[in-house]
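Me: I've got a model open on my screen and I'd like to talk it through. Mind if I fire off some questions?

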Amino acid sequence: MELHHLHGAQDQGSLGLELYDPAGDLAALGVAAGNSDQTIRNLVDGTANGQPDTYYARVTGTDGTGYSFVVTRDADYDAEPNDDPPTQ
């Protein structure tokens, strides 16, 4: 999961990311990483039944702060900036 300020919105305030399990208990907190404001990575479903469950994300921050939220499954989302010059 990745949480980003919208382009040009960095000066609008801070953002936070929280993830809650099906019981409503806090499962993970977002941390700053590379080119995202907050990220939660490598989350494993910790429920005992072995079945997929519904988790709930909570975005916190200053009122009116624009953001985008990306969720991937079985994918590696590159959260580090790409500093390589373009090749032709």
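Me: Let's start in the middle of things: which residue in E3 stands opposite Glu-18?
Reply: Keep in mind that this is a predicted model. Strand E2 covers residues 15-20 and is joined to E3 by three bridges, with the two running antiparallel. Across from Glu-18 in E3 stands Leu-29.

Me: And on the E6 side, which residue stands opposite Glu-18?
Reply: E2 also pairs with E6, in the antiparallel sense and over six bridges. In E6, the residue opposite Glu-18 is Arg-58.

Me: What is the N to O distance where the side chains of Arg-58 and Glu-18 meet?
Reply: In general, side chains of opposite charge can pair when their charged atoms come close. Here the structure holds one salt bridge. The side chains of Arg-58 and Glu-18 form it, with N to O at 3.3 Å.

Me: How many residues apart in sequence are the parts that this pair ties together?
Reply: The Arg-58 and Glu-18 side chains meet in a salt bridge. Arg-58 belongs to strand E6 and Glu-18 to strand E2, so the pair ties together parts whose separation in sequence is 40 residues.

Me: Is Glu-18 buried or exposed?
Reply: Its strand gives some context: E2 is mostly covered, with five of its six residues buried. The cut-off for buried is under 20% relative accessible area. Glu-18 has 16% relative accessibility, so it counts as buried.

Me: What about Arg-58, how does its relative accessible area classify it?
Reply: Between the buried limit of 20% and the exposed limit of 50%, a residue is called partly exposed. Arg-58 has a relative accessible area of 46%, so the label is partly exposed.

Me: In what order do the strands form the open sheet?
Reply: Three strands make up this open sheet, and their pairing is antiparallel. Strands E3 (26-29) and E6 (56-61) are the edges, each pairing on one side only. Neighbouring strands are turned against each other by 25 degrees on average, direction ignored. The order is E3-E2-E6.

Me: Which residue takes a positive phi in the hairpin of E2 and E3?
Reply: Just to place the strands, Tyr-20 has Leu-26 as its bridge partner in E3. The hairpin has five residues between the strands, and the one with a positive phi near 90 degrees is Gly-24.

Me: Over on E6, what separates the C-alpha atoms of Tyr-56 and Glu-18?
Reply: Tyr-56 sits in strand E6, and is partly exposed at 47% relative accessible area. Leaving aside neighbours within four places in sequence, its contacts are Glu-18, Leu-19, Tyr-20, Asp-21 and Pro-22. Tyr-56 and Glu-18 are 38 residues apart along the chain, yet their C-alpha atoms are separated by 8.3 Å.

Me: Which residues form a nonpolar patch on the surface?
Reply: One member, Phe-69, is found in strand E7 (residues 67-70). Phe-69 counts as partly exposed, at 32% relative accessibility. Together the patch has about 270 Å² of accessible area, and its residues are Tyr-67, Phe-69 and Val-71.

Me: Zooming out, how many strands are there in the protein?
Reply: Read along the sequence, the pattern is β-β-β-β-β-β-β. There are zero helices, and the strands number seven.

Me: Last one: what share of the 88 residues is buried?
Reply: The protein exposes about 6400 Å², with carbon and sulfur atoms supplying 47% of that area. Of the 88 residues, the buried share is 25%.

Definitions and conventions:
Residues are numbered from 1 along each chain as its sequence is written. This is a predicted model: local features need pLDDT of at least 70, side-chain atom pairs count only at pLDDT 80 or more; totals for chains, interfaces and linings use all residues. Side-chain values use heavy atoms; hydrogens and water are left out. Patches are made of residues with over 30% relative accessible area and no salt bridge: like charges are joined within 9 Å, nonpolar side chains (Val, Leu, Ile, Met, Phe, Trp, Tyr) within 5 Å. Accessible areas come from the Shrake-Rupley method with a 1.4 Å probe; for residues, only the protein chains shown count as cover. A salt bridge is a side-chain nitrogen of Lys or Arg within 4 Å of a carboxyl oxygen of Asp or Glu. Helices (H or I, at least four residues) and strands (E, at least two) are DSSP runs, numbered from the N terminus. Buried means under 20% relative accessible area, exposed over 50%, partly exposed in between (1.4 Å probe, protein chains only). Two strands pair if DSSP finds at least two bridges between them. Axes are lines fitted to C-alpha atoms, for helices over the stretch in contact, and angles run from 0 to 180 degrees between N-to-C directions. Contact means heavy atoms within 4.5 Å.
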